[in-house]
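Colleague: Could you show me the model, so that we can go through it together?

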Amino acid sequence: GSPFRGPPCHSTVAYSQRLRQAGSLGEEGQGPLQVHCRRAVLEVLLRRRPEYSWLKRAKCGAVKNAAFLPFCEYVRQCLRQAGVAPLSEAEEAEVGSELAPLLGQWRRVVVFFALRALLAPLWEALLLLDRLLFLGERGHLAALVPLFDPALSPRNYAVVGVRRLPGADTDAAFVAALPPEAVAICDGGAH
């Protein structure tokens, strides 16, 4: 599912730089790290309220200055982006008092995201190897080829394959055409 395909898109290097930058700024640097927690608390709010049960995930994009807005304003902007009716003032006060303790858990959310970022390359490698083996099991030649610098995007590998044709010697031509950076080749066996 998508929760497993998404994390490999995020660069571990970029997230570690973000953590270092936040640490060097002290308390001033904590705001941007708290955004993931705000998003998680918004999801808690949506799951607890029956009128939002039809929303599986709030479809709201980035909220400008989200780290520095009062939480109720952040919720208001997210609900507006999702096309959902805003909370009344009484509901906002209730949400503020009910969910405020969860906002204090932002450090735990940062740890979760750091672990997720560390495990993402492993998960991506498993998915790519599974696809490589799938092709190999069907008798095709396949290889993993890096396309560009992983600093641009950690999703920098392509699964490249060729179908074996009866009577054709595609093996040598395929292997010769691969760049030297190819990291895995699956021979699938001649059929």
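**A helix pair and two residues**

Modeller: Helix 3 and helix 6 are roughly perpendicular to each other (angles of 65 to 115 degrees). This is a predicted model, where local features need pLDDT of at least 70 and side-chain atom pairs pLDDT 80 or more, while totals for chains, interfaces and linings use all residues. Residues are numbered from 1 along each chain as its sequence is written, and side-chain values use heavy atoms, without hydrogens and water.

Colleague: Thanks! At what angle do helix 3 and helix 6 pack?

Modeller: Helix 6 spans residues 106–137. The axes of helix 3 and helix 6 lie 8 Å apart, and the angle is about 80°.

Colleague: How do the residues of that contact divide into nonpolar, polar and charged?

Modeller: With contact meaning heavy atoms within 4.5 Å, the helix 3 side includes Leu 33 and Cys 37, and the helix 6 side includes Trp 106 and Phe 113. The contact of helix 3 with helix 6 comprises six nonpolar, three polar and one charged.

Colleague: Is Gln 77 buried or exposed?

Modeller: Gln 77 sits in helix 4, residues 71–82. Among residues more than four places away in sequence, Gln 77 touches Val 63 and Leu 69. Its relative accessibility is 18%, so Gln 77 counts as buried (under 20%).

Colleague: And what is the phi of Asn 65?

Modeller: Asn 65 belongs to the loop between helix 3 (30–48) and helix 4. Most residues other than glycine have a negative phi. Asn 65 is not a glycine, yet its phi is positive, at about 60°.

Technical notes. Helix = DSSP H or I, 4+ residues; strand = E, 2+ residues; numbered from the N terminus. Buried < 20%, exposed > 50% of the residue type's maximum accessible area, 1.4 Å probe, protein only. Axes fitted to C-alpha atoms, helices over the stretch in contact; angles between N-to-C directions. Parallel < 35°, antiparallel > 145°, perpendicular 65-115°, else oblique. Nonpolar A, V, L, I, M, F, W, Y, C, P; charged D, E, K, R; others polar.
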